[in-house]
Amino acid sequence: MTRDAQSRCPVDHAALVAAAAPSSVDSVDEGKTRTASASPVSDAPPCPITLPTKREHPFEPPHELAELRKSHPLTRMRYEDGTLGWLVTSHELARAVLGDARFSVYPGGFATDHPDKQASLLLDAIEYDTDFPDIARNLVDGYHRDGRLTDAFRDPQVLDALHEHSLSKLPFFSSDPPKHTRMRRILSGYFSPRRVTEYQDLVERIVANRLDAMERAGGPVDLVEAFAGAIPSMMTCALFGVPESERGTMMRLFEARANPNSTPDDYVRVHDEFHAFCRDLIAKKRAQPGEDLLSNLVHGGRMSDDELVATAVILVRAAQETTSATIASGVFTLLHDRARWEALKSDPASAVQVVEEVLRFTSVSQVSNIRRATEDVELGGTVIKAHELVTVSMPAANRDPHVFADPNRFDPTRPSAAQHVTFSYGMHQCLGQHLVRQELRTAFTALAARFPKLDFAVPVAEIPWHPDIRVVRGPQRLLVTW
C-alpha cells in the first residue's frame, strides 16, 4: 500500500499544493517511465529539513545526506522561500525522478538559487514574451503588485502555463517536450561521440597552449585561473566563434552571474547583458559566417532569433562553469593521494576510468534542476502530489553504496563509476557530456606528462573553495608548483 505524502508530516496538504511547485537521450522514452517502487522508504522525519550544504571536508558531501539516504531517501524538504517539497538522496530514486517525464523541469532553477532572483528572472521572461497566456500573466502581475512575486511561481495555474508554454527568453533545457525534443534534435548532432572526436586536435592545442603559458610563468600558479578555467573558455571561443578579444567580457559576465551578493535587479541585468552579448555575436555570424557551431546554427534556419539567443546563452555558459570546476576538483583529488597521480602518469590510458571516477567522486553540481510533478506520481512507495517540487542531491546519489561499493573512496578502477548521475539522466541529460569527458581526459594526461612533479604550493587546509551554497562547487584558487 502506498502512503500519501500528507501522512508523512503534520502539515496542511491544501496549503502544500497551493505553495507547490539530465544512457543517451535517444534511448530514453519521453513519455512516462516506470518509477522505482521496490524499496518503500521508512517513515519520514517529523518535520521538513532544509537542504544540507555544510561540508566538513572538501571531498565529502554533507554527512546528513548519507544519513538521509540510509533512512529516508525521499524526505520532506523546505525550500528557502518556505515552500515544502521533496529531497531525493538515493541513486535509484534519483534516476526514477530524472527519467520520468511526469516530473517537469521547473524553470525557477535550483534549490540553492535565491528564490527572489529566480522569480525576477521569470518575470522578466514573461514580460518579454507577448504570447504568454493572459490568465497566467495577470496572476503573476497580481502577485507582483502584492509584493509576493516568489509566490507567483508556486501557483499551480502559473506552473501549468509555464509547463505548456515555454518562455522564449529561457534556455531550452528549462522546457519540456515538444520544444525540448525539437531543440535537442537540432543540437545533438554537434555533440555526438563521432562529432566530438573531430574536436580532439583543437582540445589538444588549447591544453598545450595553457601548459606552455604555465611553464613560461613558472610556479607557483593558480591552476584554476591558468588552466582549469582557461580551457573551457578557450574552447567556447573556438567552438562558438567568440572573438578572443571578447573573452574578457564573457568571463566578466560569468563571474557577475555567480556573485552571491548580487540583488535580484543585478541578476536580471547581468542576464540581459549576456543576452545582448550573444545577440550581437549572432548578428556578426549572420553577416559574416565562419566554420563555427554558432554560424551553423544561425544559417541552419531551424531556430527563431529568440531561440538562437537563448541557446547561445546556455551553451556558452554551460561550457564554462562545470568543466572548470571538475578539472580543478579532479586535479585536487589526484594530488591529494600521490599514488593516484603516479598511477595516471605511468598509465595515461587509464584516464578514461579516472575521468568517470572524478565525475562521480567530485560531483561538482550539487543538485539537479528542480522538478515539478505534473500529476500524482508514486515514488518509492510514496505519492508525490501534482504540483509538488522535487530536488535530487547529485553528490548523495553518486555516493550510494548500493551502486558504488565503498563510495567514499576514490577508486579509478571502479567498474560501476560510469553509472553516476553527474550529467543528470533521461531526456535532460547533459548535451555536452562527451565533449566534457574529452576535455577532462586531455587535461589530466597532458598535465601529468608536462609536470610530473606537480604538487600543492600551499597546505591543503589553506586552499579556498567556493561557498557550499553554490550550485557548482570547486576550488576558488588552487596554487600549484612543480
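The legends below go with several close-up views of this predicted model.

**View 1. Helix α10, from end to end.** Welcome to the first stop, helix α10, which takes in residues 200–217. How far apart are its end C-alpha atoms? They lie 26 Å apart, and this agrees with the 26 Å that the 18 residues should span at 1.5 Å a residue. Just after α10 comes G218, a residue with a positive phi, near 75°.

**View 2. The buried side of the story for α10.** Look here for the residues of α10 that are buried: L202, V203, I206, V207, R210, L211, A213 and M214. What covers them? The cover includes the strand β5 (221–222) and the helices α11 (223–228), α12 (230–240) and α20 (433–450).

**View 3. The largest nonpolar core.** This core has 81 residues, and the members that touch the most others are M214, F227, F444, L447 and L478. Helix α16 (residues 305–336) gives the core its largest share, 13 residues. M214 may look familiar, since α10 counts it among its buried residues. Another core lies apart from this one; it has 31 residues, including L65, L149, V367 and A396.

**View 4. The surroundings of F444.** Which residues are in contact with F444, once its neighbours within four places in sequence are left aside? They are T326, I327, G330, V331, L334, L344, V354, V355 and V358. F444 is also one of the residues that touch the most other members of the largest nonpolar core.

**View 5. The largest cavity.** Here is a cavity with a volume of about 130 Å³. It is lined by 16 residues, and G108, D113, P115, Q118 and R154 are the closest to its centre. Two elements, β4 (103–110) and α4 (115–128), give two or more residues to this lining. The largest share, four residues, belongs to α4. By type, the lining residues are nine nonpolar, three polar and four charged.

**View 6. The second largest cavity.** The volume of this cavity is about 110 Å³. Among its 17 lining residues, those closest to the centre are P107, L162, S166, S174 and S175. At least two lining residues come from each of β4 and α7 (156–164). Which element gives the largest share of this lining? It is β4, with four residues. Sorted by type, the lining of the second largest cavity has eight nonpolar, six polar and three charged residues.

Technical notes
Residues numbered from 1 in each chain as written. Predicted model: local features only at pLDDT ≥ 70, side-chain atom pairs only at ≥ 80, totals over all residues. Heavy atoms only, no water. Expected span 1.5 Å × (residues − 1). Buried < 20%, exposed > 50% of the residue type's maximum accessible area, 1.4 Å probe, protein only. Contact = heavy atoms within 4.5 Å. Core = buried A, V, L, I, M, F, W, Y, C linked by side-chain atoms within 4.5 Å. 1 Å grid on protein atoms, 1.4 Å probe; cavity = no way out; pocket = protein on both sides within 12 Å on 5 of 7 lines; lining within 4 Å. Points joined across faces, edges and corners; volume = space filled by probe spheres on them. Nonpolar A, V, L, I, M, F, W, Y, C, P; charged D, E, K, R; others polar.
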